[in-house]
Amino acid sequence: MKALKYLLVFSIPLTVYVSFTSTGWITFLPLIYVFGIVPLSDMFLKVNAENFDKEQEEIEKNNKLYTYILYLTLPVQVGFLIWFLFVINETTATFDLIGRISAMGIMCGVIGINVGHELGHRNNRLEELLGEILLATSLETHFLPYHNAGHHFNVATPEDAATARKNEPLYTFWIRSQFMSYFQAWKLENKRLVTSDRSWFHHQNRMLIYTICHVILIGSIFYFFGLTTTLYFLIAAIFGILLLETVNYIEHYGLLRTKNKFGRYERVKHIHSWNSNHVIGKLVLFNLSRHSDHHYNGSKHYQILKSLPESPQMPTGYPGMMLLSLIPPIWFRIMNKKLQEI
């Protein structure tokens, strides 16, 4: 029954339902919920740094209910995206447009990209495919080849697109991380194909297939719904991507691995990611905030990720930290001080 607490993620589609079926300020309910109610709740609830013991960890690791909850997000995400296209096509009020686009953007970021990330780490082609479909709803499929073969290898080094440097503002990081990771995803795929004597123009080039799928998706939306709705979808997808990049920013800000005498970086440790044990954000994001353990063992399923005392801790949960990062002077004052304490 411990798995059922992760059903809290479906509170987000519930708020999006309200947004799609209402008008006025309540169309912003998903935004209010994720960046208002959740961080406020986390401020008043006691943080939970408890881990499973070895016996319980083995039980929970093999509990398929955790995976079935991930599967359930796929029809929800795809269904809401299709509904969004119909709803937004009939929305005329500017206020309602902004509210509903931001609502879909939150779905793209929290469910599309975050769950896609979790499934993309599985050593199972079906689950990886489900992750690819989820990521496609945000036009972010390049995330998988770069994240798994690039980010996890280069994390906490200047070579990593998704590691924010000390005193780097969020807004410049958005651009650097997104474009650099995209180009590196192509390089990684090309390198993988070259080592197996295949051309880059091959059906096993994931970046090539992803690009074709994106073109088909965007082209289909344009064909059935027109240019305006296509633009609204693109804005929602970009909103979701910016949520991802903001999470990337707060997860590794200013943390760097040292080099040994041979010029090689030390192994990734639990000190190379920022952690948060704030309860609501942890559940909604499938333990993403226990990020240090995720990088220590990328194949570890979300439900058994551990919180360890050596992991640097964020002063609040992910949603609160994301809001804080939007104001660089305040962010630098707080986080640079915490960097000195590590």
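**Entry 1. Two residues with positive phi**

I began with the loop between helix 11 (279-284) and helix 12 (291-296), where Asn287 is found. The model I consulted is a predicted one. Asn287 is not a glycine, yet I read a positive phi of about 65° for this residue. I then asked whether Asn287 is buried or exposed. Its relative accessibility is 2%, so I recorded Asn287 as buried, the cut-off being under 20%.

I looked next at Asp197, in the loop between helix 8 (170-194) and helix 9 (206-225). Asp197 also is not a glycine and has a positive phi, of about 60°. The relative accessible area of Asp197 is 75%, and I therefore entered this residue as exposed, for which the cut-off is over 50%.

**Entry 2. Two residues of helix 9**

I located Met207 in helix 9. Because its relative accessibility is 1%, Met207 counts as buried. Which residues is Met207 in contact with, leaving aside its neighbours within four places in sequence? I listed His142, Pro145, Tyr182, Ala185, Trp186 and Glu189. I also looked up the pair Met207 and Leu188: they stand 19 residues apart in sequence, and their C-alpha atoms are 9.5 Å apart in space.

Val215 has its place in helix 9 as well. With a relative accessibility of 55%, Val215 counts as exposed. I noted a separation of 9.6 Å between the C-alpha atoms of Val215 and Leu139, which are 76 residues apart along the chain.

**Entry 3. Helix 7**

I counted 12 residues in helix 7 (residues 143-154). How far apart are the end C-alpha atoms of helix 7? I found only 14 Å, which is short of the 16 Å that a straight helix would reach at 1.5 Å a residue.

Helix 7 is mostly covered, with 9 of its 12 residues buried. The buried residues are Phe143, Leu144, Pro145, Tyr146, His147, Gly150, His151, His152 and Asn154. I then looked for what covers them, and the cover includes helix 5 (94-120), helix 6 (125-136), helix 8, helix 9, helix 10 (227-252) and helix 12. Just after helix 7, I noted that Ala156 takes a positive phi of about 65°.

**Entry 4. Helix 13 and helix 14**

I turned to the packing of helix 13 (residues 318-325) against helix 14 (residues 328-341). Their axes are 7 Å apart and make an angle of about 120°. I therefore described helix 13 as oblique to helix 14. On the side of helix 13, the contact is made by Met321, Leu324 and Ser325. On the side of helix 14, I listed Pro328, Ile330, Trp331, Ile334 and Met335. Sorted by class, the residues of this contact are 7 nonpolar, 1 polar and no charged.

I next asked how many of the 8 residues of helix 13 are buried. The number is 7, so helix 13 is largely enclosed by the rest of the structure. The buried residues are Tyr318, Pro319, Gly320, Met321, Met322, Leu324 and Ser325. I wrote down that their cover includes helix 2, helix 8, helix 10, helix 12 and helix 14.

**Entry 5. Helix 1 and helix 2**

I examined a further pair, helix 1 (residues 11-20) and helix 2 (residues 29-44). Their axes cross at roughly 150° and come within 7 Å. From helix 1, the residues Ser11, Ile12, Thr15, Val16, Val18 and Ser19 meet Leu29, Pro30, Tyr33 and Val34 of helix 2. This contact has 7 nonpolar and 3 polar residues, and no charged ones.

**Entry 6. The UniProt record**

I consulted UniProt for named spans. An unreviewed entry there gives the feature "transmembrane region" at residues 25-45, 65-85, 97-116, 207-225 and 231-250. I checked two of these spans in the model. Residues 65-85 are 100% helix and 0% strand, with end C-alpha atoms 31 Å apart. Residues 207-225 are likewise 100% helix and 0% strand, and here the end C-alpha atoms are 26 Å apart.

The unreviewed UniProt entry also lists "domain: Fatty acid desaturase" at residues 103-317. For residues 103-317, I found 58% helix and 0% strand. The end C-alpha atoms of this span lie 20 Å apart.

Technical notes: Residues numbered from 1 in each chain as written. Predicted model: local features only at pLDDT ≥ 70, side-chain atom pairs only at ≥ 80, totals over all residues. Heavy atoms only, no water. Axes fitted to C-alpha atoms, helices over the stretch in contact; angles between N-to-C directions. Helix = DSSP H or I, 4+ residues; strand = E, 2+ residues; numbered from the N terminus. Parallel < 35°, antiparallel > 145°, perpendicular 65-115°, else oblique. Contact = heavy atoms within 4.5 Å. Nonpolar A, V, L, I, M, F, W, Y, C, P; charged D, E, K, R; others polar. UniProt positions renumbered as here; feature names shortened; annotations may be inferred. Buried < 20%, exposed > 50% of the residue type's maximum accessible area, 1.4 Å probe, protein only. Expected span 1.5 Å × (residues − 1).
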